[in-house]
Amino acid sequence: MMLKYYHIYAKAQCPWCVKAINLLHEVGSEFALTLVDNSPEFYHNVKKKYEWETVPMVIEIDISGNETFIGGFTDLKDYFMEQLENADIEKDTEVSANLS
């Protein structure tokens with residue numbers, strides 16, 4: 001069961017967009033991709049909605065449809081690194097609690 005997925009707004013020739021897509025593939029996350037190259041008005045509205053001027057724009061969407069704006073490729077990479085660090089902290093805490 002999918003608990004969350006990512007939505008990427010991107011341009012076809014954008015190297016940072018390709019990096020974001022590849023990162024999502026690498027971590028095994030599901031995502032939807034919207035190319036904005038041929039839709040300048042739509043792209044303008046998306047930039048306005050998320051208050052972000054560049055692509056990629058990465059949004060996490062949970063099972064209830066709640067959106068969390070992540071940002072671009074570097075933000076996505078940092079987001080996943082933070083999740084890994086938090087998972088390691090939780091695992092260490094569980095081990096410590098079991099040893100007590």
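**Burial and layout**

I started with burial: of the 100 residues of the protein chain, 30% count as buried. I kept in mind that this is a predicted model. Next I listed the elements. I found three helices and four strands. From the N terminus on, they run β-α-β-α-β-β-α. I then looked at how far the contacts reach along the sequence. Among contacts with a separation of 6 or more, 57% join residues 24 or more positions apart.

**Helix α1**

I checked the length of α1 first. The helix has 13 residues, 15-27. At 1.5 Å a residue it should span 18 Å, and I find its end C-alpha atoms 19 Å apart, which agrees.

Which residues of α1 are buried? I noted Cys17, Ala20, Ile21, Leu23 and Leu24. They cover an arc of only 160° around the axis, so they sit on the same side of α1. The general rule helps here: an α-helix has 3.6 residues a turn, so residues three or four places apart point the same way. I then turned to the other side of α1, where Pro15, His25 and Glu26 are exposed.

Lys19 also lies in α1. I logged Lys19 as partly exposed, at 38% relative accessibility. I also looked up its distance to Lys77. The two are 58 residues apart in sequence, but their C-alpha atoms are 9.6 Å apart in space.

After α1 comes Gly28. Its phi is positive, near 80°.

**Salt bridges**

How many salt bridges are there? I counted three. In general, side chains of opposite charge can pair when their charged atoms come close.

I took Lys4 and Glu60 first. Their closest N and O atoms are 3.3 Å apart. Lys4 belongs to strand β1 (residues 4-10) and Glu60 to strand β3 (residues 57-62), so this pair ties together parts that are 56 residues apart in sequence. I compared burial for the two partners. Lys4 is partly exposed, with a relative accessible area of 36%. Glu60 is buried, at 11%.

Next I checked Glu53 and Lys47. Their side chains form a salt bridge at 3.7 Å, N to O. Glu53 is exposed, at 58% relative accessibility. Lys47 is buried, with a relative accessible area of 17%. Why does a value of 17% put Lys47 in the buried class? The cut-off for buried is under 20% relative accessible area, so Lys47 falls below it.

Lys47 lies in helix α2. I listed what Lys47 touches, leaving out residues up to four places away in sequence. The list is Trp52, Glu53 and Met57. Glu53 is thus both a contact and the salt-bridge partner of Lys47.

The last pair is Glu67 and Lys49. Their closest N and O atoms are 3.7 Å apart. Glu67 sits in strand β4 (residues 67-71) and Lys49 in helix α2 (residues 40-50), so the pair links distant parts of the chain, 18 residues apart. I have Glu67 as partly exposed, with a relative accessible area of 40%. Lys49 counts as exposed, at 56%.

**The β3-β4 hairpin**

In which sense do β3 and β4 pair, parallel or antiparallel? I found antiparallel pairing over four bridges. I looked up one bridge: Ile59 has Phe69 of β4 as its partner. The hairpin has four residues between the strands. In this hairpin, Gly65 takes a positive phi near 90°.

**The nonpolar core**

In soluble globular proteins, nonpolar side chains tend to be buried together. I went to the largest nonpolar core, which has 23 residues. Those with the most contacts inside this core are Tyr9, Val55, Met57, Val58 and Leu76. Which elements supply at least two residues each? I noted β1, α1, α2, β3 and α3 (73-99). The largest share, five residues, comes from α1.

I ended with Met57. I left aside its neighbours within four places in sequence. Met57 is then in contact with His7, Ile8, Tyr9, Tyr43, Val46, Lys47, Tyr50, Trp52, Phe69 and Gly71. Two of these names came up earlier in my notes: Lys47, in the salt bridge with Glu53, and Phe69, the bridge partner of Ile59.

Conventions:
Residues numbered from 1 in each chain as written. Predicted model: local features only at pLDDT ≥ 70, side-chain atom pairs only at ≥ 80, totals over all residues. Heavy atoms only, no water. Expected span 1.5 Å × (residues − 1). Buried < 20%, exposed > 50% of the residue type's maximum accessible area, 1.4 Å probe, protein only. Arc of directions from axis to C-beta. Salt bridge = Lys/Arg side-chain N within 4 Å of Asp/Glu carboxyl O. Pairing = 2+ DSSP bridges. Core = buried A, V, L, I, M, F, W, Y, C linked by side-chain atoms within 4.5 Å. Contact = heavy atoms within 4.5 Å.
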